[in-house]
Amino acid sequence: MSNIVDRIGMEKSVILLAAVVSFVTAFLANISVALPLIARELAMSNIIQNWVATIYLLPIAMLSIPLGKLTSKHGLNKSLLAGIILTIIGVIIACFSINSELLLLSRVIQGIGTALINVASMALIVSAVNPETRGQALGLNIAGVYIGLSSAPVIGGLVIYHLGWQSIFYIMLIPLIFSAYLSWSLKDEWTMYDGPIDITGSIIFSIGILLVIYGFTIVNTWLGIVLLIIGLLLLIAFAYFELRVNNPVFDVRLFKNSRFSSSNIASLISYTATFVITYILTYHFQYIMGFDSKFSGMLLIVTPVMMAILAPLSGRLSDRIDPQKLAAIGMGFVTVALTILCFLNESTPLYMILLAMFLQGIGYGLFSSPNTNAIMSSVPKEETSSASASLAAVRVIGQTLSLGMLTVIFAYIMGNVAIVPEYYPLLMESSRLSCIISAVLCVIAVVASLVGLRSDDEYET
């Protein structure tokens, strides 16, 4: 019997594979609906509760850039398969976690696997799909992300309500095993780099990102400030070092391209502004409004469903209309949505929250695919793997900083405490401050999206 690749064709198989793994990694990133139950059963404070999400994103942020050249050298599909296997191992460990330490370890392993998946899958699409349909393919890939984001609260809320929080990991084994089979079935391999790997640059970058992100999460302390400064200095040293080596792990000269740099900055700011909103709303629904995980999950579907619907459409539009125009319009919608949430309190009607979620979904659906297309089409073909790595790193650094922002605000306003009714007023104060900061960041993202609008820095790859 012929395998699935023979039946549906190589290009379609690559797109399907990328969409499935994007769905899984997005699902694993958005387990916010399970956090209140996990925190109760494993006796976690509000700070550790946030770290269940943050520690998954941290290795992705640290490794995405170094893995760009590595996956390009050793094969994109082979690297993707390795990432899938690592993620399966991490998920299995999570299923049997009996304490917070084991769960956090499982999330680190999942994060390492996801770093490989994110870098390899995006570069695989660019390498295997014709340029004429690349925007649509990227849109479908991003739709997979948003379907994962949308289904995580609904499916996760439903299964953990009936089967416990471990079930949110059990159900991911099915698409992971399917994607492993699909990757293994691909006969072709894609390599775009055969030079040496810049180990020194990779180490400097990874340590720099680790110190920046961890320092940022405790920036309300002197240790956090020191770590943040050291991390930033290491990243500056990384850029300086990369300009002077023959085979850099990442060609920082790409940032001379205004379209590439402005779109990456817009992506970083947008993820920093918006990723935290799901967690704010999860806590609001379950702690303040008293909804269970099942109903909360049903409510949280609004934003990512709108993203999933609009991402393929905006991807196709970005093949014909300047993608940065679409991205700026999208972030405008998101700004309006977060402005509404700045007034969130215990008496805010549910319909106002749902309206904000609806507008945020429209905005990000219009932003993400065109922004991705702008980045990937602004570099020459030999740098697509680096661009993919940059895209993955920027996205996850933004998401990690977003959760870090919430952790800092929690520490500053609430302290390191369990979220119980006594602290609900402080939880609301923390949520409002986070939304105000996020709305301001969205305005900056609109400006960043427009900076490279008149640039001719575009390549036909």
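**View 1. Helices H12 and H13 pack against each other.** Helix H12 (residues 258–288) and helix H13 (residues 293–300) pack at an angle of about 140°, and their axes lie 10 Å apart. Here an axis is a line fitted to C-alpha atoms, for helices over the stretch in contact, and angles run from 0 to 180 degrees between N-to-C directions. H12 and H13 are therefore oblique to each other (under 35 degrees is roughly parallel, over 145 roughly antiparallel, 65 to 115 roughly perpendicular, and the rest oblique). Their crossing is right-handed: the near helix is turned clockwise from the far one by less than a right angle, while anticlockwise would be left-handed. On the H12 side you'll find Thr278, Leu281, Thr282, Phe285 and Gln286, which meet Ser293, Ser296, Leu299 and Leu300 of H13. Contact means heavy atoms within 4.5 Å. Helices (H or I, at least four residues) are DSSP runs, numbered from the N terminus.

A quick note on the model: it is predicted, so local features need pLDDT of at least 70 and side-chain atom pairs count only at pLDDT 80 or more, while totals for chains, interfaces and linings use all residues. Residues are numbered from 1 along each chain as its sequence is written, and side-chain values use heavy atoms, leaving out hydrogens and water.

**View 2. Tyr181 and Trp184 form a tilted ring pair.** The structure holds 14 aromatic pairs. In this one, the ring centres of Tyr181 and Trp184 are 6.5 Å apart with the planes at 35°, so the pair is tilted. Rings of Phe, Tyr and Trp (its six-membered ring) pair if their centres lie within 6.5 Å; planes under 30 degrees apart are stacked, over 60 edge-to-face, and the rest tilted. Both residues sit in helix H9 (residues 173–185), 3 residues apart, or about one turn of the helix. Tyr181 is partly exposed at 36% relative accessibility, whereas Trp184 is exposed at 64% (buried is under 20%, exposed over 50%, partly exposed in between, with a 1.4 Å probe and protein chains only).

**View 3. Ring pairs link a cluster of aromatic residues.** Its members are Tyr283, Tyr287, Phe410 and Tyr424.

**View 4. Leu210 sits in helix H10 (residues 199–217).** Leu210 is partly exposed, at 30% relative accessible area. Its C-alpha atom is 8.2 Å from that of Pro59, although the two are 151 residues apart along the chain. Setting aside neighbours within four places in sequence, Leu210 touches Leu58, Met62 and Gly215.

**View 5. Thr54 is buried in helix H4 (residues 46–74).** Its relative accessible area is just 1%. Beyond its neighbours within four places in sequence, Thr54 is in contact with Thr400 and Leu403.

How values were computed: Helix = DSSP H or I, 4+ residues; strand = E, 2+ residues; numbered from the N terminus.
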